[in-house]
Amino acid sequence: MKVKTGVLGIGLILLLAAGAVGQWLLPPLEVGAKDAPNDAGKSLLVLWKLSPSDTKGDKAVEGYQILRARSAEGPFEPVGTAAKGDTLFTDHVPQNGTDYYYKVRALGPEGVFAESETSGPAQSKAQWFNTERVNALLAVVILVSSILYFVYKAQSGRELYIRKIAGLEEVDNAVGRATEMGKKIVFCPGRLDMDNVQTIAAVLILGRVAKLAAEYDTKLEVPNVYSMVMVSCREVVKEAFLKAGKPDAYREDDIHYITQDQFGYAAAVDGIMMRDKPAAVFYQGAFFAESLLFAETGNSIGAIQIAGTAQPAQLPFFVVACDYTLIGEELFAASAYLSKEPRLLGSLKGQDVGKVFTMAAISLGVLLATLQTLGLFPREWVAAFANLFLVR
Amino acid sequence: MMRREIPLFITSVVGFIFVIRFFIPHEPFYSLEDVSSSWIQVIQAFAIWLGILNLLKVSLDKIYKKERGWGYSGVIIFSFLAISIAGFFFPLWEERPAGYSYLQHAREFLKPGTSFDWFYWYVYSPLSSTMFATLAFFIASASFRAFRARSFQATLLLLSGFVVMFGSVPVGNVLFGWLPAGWQVSDIADWVRNVPQVAGQRAIQIGIALGIISTSLRLILGLERAHLGREE
Amino acid sequence: MSQPNPSAPTLGPGFWEKFALLDRRIIFAFIFLGLALPLFYTIRQPIPVSPEGRAYYQSIENLPAGSKVLLSFDYDPPSSPELQPMAEATFKQLFTKNCKLVVIGLWPQGPQQAEQALATALRDPRFKDKKLEYGVNYANLGYMAGNEIVIQKMNADIISTFPSDYKGNATASLPIMRGVRNYKNFDFIINFSSGFVGTREWVQFCVDRSGAKMIAGNTAVQAPENYPYFRSGQLKGLLAGMKGAAEYETVAGQPGKGISFMGSQSVAHLVVILFVILGNIAYFVSRRKW
C-alpha cells in the first residue's frame, strides 16, 4: 500500500514537472486543411487529431494555436486559437484559389508549445449551391408551384371557396357606425416598419377602410411609428379619396408620425382615443405589449374595435378586449378577402397545399415518435426523419 | 405609370436576390444581400428625419390653429427641444475637461455622466416604465369583463385561466397544498402551458409562416400592389 | 330559474347588476393596493420551479468552467423590472463558473441594461478576489442596428459586425475575442428579450442555422410565444417574467429582486381572481329573471 502511494506520488511529480518544462508536451497529429463547404469561399477548415498530451483532467495542454503560410517552408503566422479538446478551426483566408499550409501548436503553460508537421496545401472556393438547404429548396418549390398553380386556375375563371372571416365582414359596419355617430376612425398600422409583411398587410386593409371612409365622408386618422409606413399610408389613403371623387376631403396631416418609442406611441394613441373618442378603431399589423393598453382604452370609450396581428403573444389581449380579431394568417388573407381579386384568392388556396404537407409531416413524425417510444422503431431513424426538416 | 412600375420592379429584384442568396452562397449574390442590408439601414436612418419633421409640423400647426388639445402639442415641442438642446449643447453637467471636443461627444452621448444619459434614466425610463406598468391594471379590468362563463368554451377558458394564474404564483401551491404530489396547481399550470398552449401556438405560428410566404410571393410577383397606392 | 333568492336580501339583483358593470377604476384601486402593500412586508412562500426554469439553471451549471458565453440584451427600461433580476442572477452564476462573457444588444438601450446588471453582479463580494477584468473576463460590444440582419451577419463574422465595443475599443484588440469568429466559437448563448427583435429571431437565425445552444429570459407577456421552442429543444431553458426570475433565484440559491417581488405578484393575482369570481357571480345572478 505504502509502495503504491509512493509510486503514484513520484508519477504525479514527474507529470507536473513535465507540464511545467514542456518536455513531454506532444504536438497534435495529422494536421490537414480543406475548403469549408457551402459558403462564399475565403474560408478553410483546419483539422487535426488531439495532441496525446491533451487528455481530460491533465493541464499539460491549455489550447491550440493555428499558424498559416503561403508556402510549405513558411513563414508561418498565427491566425487564431482553439480550445483544449478542439480538433477543428475555421480560418478566414485572404484569397480564394491560393494554396495555404498550416501548422498547429499545442500550447502548454508558461509559453511552451509543441508544433505539428505542416499540412498539405488547401485552397478555398465559393460554392454554387448550399447543399445543406436542399430540403428548404424542395419546400419552396412545392409551395410556390402550388400557389402559382391556383393563381393560374383562379385567373382562368374557376370559383374558389373562402370561408367567412367575421372581422373582415365587420369592417364596413364599423366605418358605417362611425359615420352615423359623426365620429372619426383611428387606424394603427402596427409597430414595425415597411420591411415587415404584417405592416404591408395592414396597409392593404387600410386601403379598404380609407375607401369606405372617403365614400361616407368620415374622418380617418392614422398615427404612425415609422415615417416610411406613414408615406405608404398616405399614398393608399390619397388614392382611396381620389377614387371616391373626393380629393379635397383628403387631409395629409391626418396620417402623421408619432414616435418609434413603444410606450411613447402607446401614450399618444391612448391620448387620441381619450380626447377624440373615435367610434371605430383598427389595430392591424405587429403589436407588442401596447396591445392591451390600446384595446382596453378603446373599450372604455365604447369604440368598435377590430384587431389583426401575427404576434401570437398579443392575440389573447386583442381577443379579450376587441370586438373582432384577425388571427395570424387571417391578417395576411385580408387583402385577398376584401378585394375578392381571383389571383389573390388563388394564392390563399395554394397556401392550403402547404398546410396539407405540414400536417402530413407532423402526423408522420408523431406516428414515428410514438412507435419509437413503444420500441417498434429505432431512435436514430426518428432523429433522421426530424433532420430532414432542419434548415441550417 | 412609372410611379408604380419602378417600385414593383425594385420589390421583385430585391426579393429574388434574397431568395437566391439563401441557396447560392457564391458571388455576386453573396455580397448583394449585404448591400441591400446596408441600404435598409441607411434608408431607415434617414427616414427618422422625415418622421421628426412631420411630428414638428403637425404639432406646430395644431398650436398655431389652436386646435383642441393644442397644449399637448406644446408639451411635445418643449420636450423635443429640451432633450435635443441638452444632448447637443450641454453634454456634461460638470465642467468640460480641457481638450473636450463636441465631435467626440456626438459619439458618447449615451455614456454615464452626460446630460442625455441623465434624461434617459430619470425622465424617459420612469415614463416608459409607468406606461408599461398600467398593463397590470388593464389586464385586471379586461379579465373582469371578459372571463365570464358564458358558454362551455368560455368556462373552459376561465378554468384554465384560474389554474395558470394560481400556478404562476407561490400562493397557489399554498392554497391548494392538499392536492397530491405531482398534481399540485403549479404542475397543472405547467402542463397547460406546455401542452395545450404550445399545441395552439404551433398551429398559429405555422399558419402565420405560410401566410408570410404567400404574401411575400404575391409582393415579389407583383400580384399585390395596392400598398403602393395605385389599385388597378 | 325564475325563483327569487330569499337568502341574499342585501346582495340582491340590484347590487349584482351594478357590480357586473363595475367602474374599472375601482378594480384599478384594488390592484394598486394588492401590488403596493406587499412591498412593505416580507412574505415567505415556497416558490414552485417549472421544468423550463430548472433547465435554464441546469444548462448553465452544466457548462465546463471557463466557457465562452454570448449574451444578447434585447430590451429597454420598461421591461427591466422583469428581466433585470434574471440578468443579474445569470451574470452571477456565469462568473461563479469562471465563464467568459461577451455582451451585445440589438435594442439601442440593451447595452446600458447590461452595464447595470454587470455592475450589480460585480459588486457581489464573492467575485472580489477573482479580479474580473474588462476585456478578459467580460466585454460589452454595444448596440448594433439591423435587428435579425445583425444575427445573420454574426454567423459569418462577429468582429466585423461589431468593429468596436461599447467603450470605443477595437473589438479585435480585446483578449476575450481572440479566436472568436462566429457562433461556433461560443459554448453558449443567452438572450434576454421583451419583443422584436428577440428570442424568436435568435432561434430562427442563430440556433437553427449555426446549431448553437441557447437559453432565454422573456417578459411574461412574450414567453408563451417561445414555449414551443423549449419543447422542441431549440431553447435549452426559458425564464418567463418575474416568476421566472424568482424560480431561477430559488434554484440558484441566490435570493434577489425576483423572489422579493413575488409577494406583490401573488396578492395581485388573488385580487384578479377574486374579481373574476365576483364578476361571474354577478353575471349569473343578473342573468336570472327576478
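This report walks through a predicted model with chains A, B and C, going from chain make-up to sheets and then to the contacts between chains.

**Chain C, overall**

Let's start with chain C, which carries twelve helices and six strands. Its C-alpha trace covers about 80 × 40 × 30 Å along the principal axes. Of the 290 residues in this chain, 52% are buried. If you take the contacts in chain C between residues at least 6 apart in sequence, 74% of them link residues at least 24 apart.

The domain assignment splits chain C in two: domain 1 is made of 15-43 plus 265-287, and domain 2 runs over 51-255. Between the C-alpha centres of domain 1 and domain 2 of chain C there are 38 Å.

**The sheet of chain C**

The six strands of this open sheet line up as β3-β2-β1-β4-β5-β6 in chain C, and the pairing is parallel. At the edges sit β3 (138-143) and β6 (237-240) of chain C; each has a single partner strand, so one side of each is left with no neighbour in the sheet. Ignoring direction, neighbouring strands here are turned against each other by 15 degrees on average.

Zooming in on one pair, strand β2 (residues 100-105) of chain C runs parallel to β3(C), with four bridges between them. Within β3(C), C:Asn140 is the residue standing opposite C:Val103.

Now for the helices that lie against this sheet. Helix α4 (residues 80-96) of chain C packs on the sheet and touches β1 (68-74), β2, β4 (188-193), β5 (214-218) and β6 of chain C. The direction of α4 makes about 160 degrees with that of β4(C). Helix α10 (residues 241-252) of chain C also packs on the sheet, touching β5 and β6 of chain C, and its direction makes about 120 degrees with that of β6(C).

**Chain B, helices and nothing else**

Chain B has a plainer make-up: nine helices and zero strands. Following the sequence simply gives α-α-α-α-α-α-α-α-α. Buried residues account for 22% of the 232 residues in chain B. Looking at contacts in chain B between residues at least 6 apart in sequence, 35% connect residues at least 24 apart.

**Chain A: confidence, domains and a sheet**

Chain A has an average pLDDT of 88, and 94% of the residues score at least 70. One stretch to treat separately is residues 14-22 of chain A, where the pLDDT is below 50; beyond near neighbours in sequence, that stretch has ten contacts in the model.

Three domains are assigned in chain A: domain 1 (25-115), domain 2 (131-157 + 343-387) and domain 3 (166-340). The C-alpha centres of domain 1 and domain 2 of chain A are 42 Å apart.

Chain A has an open sheet of four strands, ordered β4-β3-β6-β7, with antiparallel pairing. Its edge strands are β4 (77-83) and β7 (113-115) of chain A, and each pairs on one side only. Neighbouring strands in this sheet of chain A are turned by 25 degrees on average, direction ignored. Strand β6 (residues 101-107) of chain A meets β7(A) in the antiparallel sense over three bridges, and A:Arg105 has A:Glu115 in β7(A) as its bridge partner.

**Where the chains touch**

Chain B has contacts with both chain A and chain C. On one front, 63 residues of chain A are in contact with 53 residues of chain B. Helix α10 (residues 342-373) of chain A provides the largest share of the chain A side, nine residues.

On the other front, 38 residues of chain C are in contact with 35 residues of chain B. The elements giving two or more residues to the chain C side are α2 (24-36), α9 (227-231) and α12 (262-287) of chain C. Which of them gives the most? That is α12(C), with 13 residues.

Here is how the two sides that touch chain B divide by residue class:

| Side touching chain B | Nonpolar | Polar | Charged |
|---|---|---|---|
| Chain A | 35 residues | 15 residues | 13 residues |
| Chain C | 23 residues | ten residues | five residues |

Conventions: Residues are numbered from 1 along each chain as its sequence is written. Chains are lettered from A and ligands numbered from 1 in the order in which they are written. This is a predicted model: local features need pLDDT of at least 70, side-chain atom pairs count only at pLDDT 80 or more; totals for chains, interfaces and linings use all residues. A residue is buried if 20 or more other C-beta atoms lie within 10 Å of its own, exposed if 12 or fewer, and partly exposed in between; C-beta atoms are placed from the backbone. Two residues are in contact if their C-beta atoms, placed from the backbone, lie within 7 Å. Ala, Val, Leu, Ile, Met, Phe, Trp, Tyr, Cys and Pro count as nonpolar, Asp, Glu, Lys and Arg as charged, and the others, Gly among them, as polar. Domain bounds come from an automatic or database domain assignment. pLDDT is the predictor's confidence in each residue, from 0 to 100. Two strands pair if DSSP finds at least two bridges between them. Axes are lines fitted to C-alpha atoms, for helices over the stretch in contact, and angles run from 0 to 180 degrees between N-to-C directions.
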